[in-house]
Structures are given as C-alpha cells and as structure tokens.
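Me: I would like to go through the open and enclosed spaces of this model, one question at a time.

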Amino acid sequence: MNIKMPARSTLIRAIFLVLMLCALVFQLNACTPVISHQIMEQVDHNLTYGALASRPDEAKGKIVLLGGTIVQTLPKPTQTEIEVVQKQLSSSGEPYLTDKSEGRFLVVVDRFLDPAIYRSGRDITVAGEVQESVLRRLGEIDYRYPVITAMELHLWKEPLSTQTYPYGYPYYWRWRFYPGYPY
C-alpha cells in the first residue's frame with residue numbers, strides 16, 4: 001500500500017489560501033454597517049447634519065443616520081432622551097475619533113436605557129426619523145436641537161485604555177536593572 005503525501009508546495013498553497021480567505025472575511029465584516037440593511041435603504045444619504053440643523057422643519061419625517069459622542073442620558077417615564085455631540089461617521093457607521101463637530105442633537109428612544117451604560121463619553125450611532133427641533137438652554141445660550149426618534153441604535157465599545165509608562169517608554173523598568181544602565 002503506497003500512500004502519497006501531498007507535495008510541500010501544495011500544502012503551503014492550501015494554507016495560504018485558507019489564511020487569505022480568513023483575512024478577506026475579517027475585512028468584509030469590518031466594513032459592515034451596524035444598522036440593518038432594511039433601515040439603511042430608507043436613510044436619506046443626501047441629508048447632512050448641517051442641513052438638518054439649519055432647516056430641521058424641512059427634514060421632518062425623513063430617516064437619517066447620525067452618530068457622535070453621548071453628552072448625557074436622561075430617562076423619562078415612557079422614553080429615554082440622549083444628548084449627542086455630532087461627529088462624522090465612517091463607512092461602517094462608527095463615529096470618527098475627532099474634536100470636529102457640527103453641533104448637537106437629541107435621540108429619543110421609546111424604552112428605558114440605563115444611563116450607567118449609555119453614559120457620557122460613549123460613542124453611538126443612530127438611524128431614526130427626524131421629528132422636530134426643540135429650543136433648550138446650553139450654558140448661557142439658547143440652542144436648537146434636532147430631535148431624532150430612534151429606529152435602531154448602536155452603542156460602540158469603549159476603546160481600551162492606554163497604559164502610561166514612566167518617561168513614555170514601556171520597557172524602562174526592565175532596562176533599569178540591566179548591568180551598566182544608564183551608562
């Protein structure tokens with residue numbers, strides 16, 4: 001009985017092909033929007049936040065996709081209201097890590113959302129229907145907030161905290177005990 005082993009190059013090609021397919025699947029999943037396909041089809045992609053903020057009454061009833069960083073979450077008896085600082089979204093719907101913003105908006109959700117989870121500083125993406133705008137105090141000014149009734153929302157995971165190292169170098173203490181350190 002003679003069993004033939006596959007040639008080494010064939011085995012390497014098979015492993016390479018499997019790794020490439022895994023990498024492709026990973027990259028395609030990384031670009032997948034977090035909002036469902038059905039809702040994304042209804043979103044008015046031509047309606048920017050700037051247009052919405054300047055003329056909220058003209059956008060009433062349209063479906064928008066917005067995101068940003070939560071300022072505060074306020075539970076009410078029948079709904080939860082989230083104040084968000086708007087930020088530009090990536091192709092997957094994730095808010096960019098930036099200090100640029102065109103303003104703020106309010107998200108109204110028809111259920112209880114825990115303010116400990118939906119807390120200040122967390123990033124959120126929401127697809128929802130434009131309702132109206134409300135005038136509220138923001139510091140010492142009157143600010144007009146566009147109000148979005150959420151159809152779907154996605155709370156993004158918090159980024160891992162970066163460790164701080166003495167003198168900005170992670171291996172400083174390891175080298176401290178090296179013979180001849182620091183000379």
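Me: Which element gives the most to the lining of the largest pocket?
Reply: This is a predicted model, in which local features need pLDDT of at least 70, side-chain atom pairs count only at pLDDT 80 or more, and totals for chains, interfaces and linings use all residues. Residues are numbered from 1 along each chain as its sequence is written, and side-chain values use heavy atoms, with hydrogens and water left out. On a 1 Å grid over the protein atoms alone, a pocket is an open set of points with protein on both sides within 12 Å along at least five of seven lines, and lining residues have an atom within 4 Å of a point. Strands are DSSP runs of E of at least two residues, numbered from the N terminus, and the element that gives the most here, with four residues, is β1.

Me: What is the volume of the largest pocket?
Reply: Its lining comprises 25 residues, with L65, Q86, K87, Q88 and L89 lying nearest the centre. Taking volume as the space filled by probe spheres set on grid points joined across faces, edges and corners, the value for the largest pocket is about 500 Å³.

Me: Which strand supplies the largest share of the lining of the largest cavity?
Reply: A cavity is a set of points where a 1.4 Å probe fits but cannot get out, and the search finds one of 30 Å³ or more. Q72, L74, E81, I82, E83, L106 and R136 line the largest cavity. Both β1 (63-75) and β2 (80-86) supply at least two of these residues, but the largest share, three residues, comes from β2.
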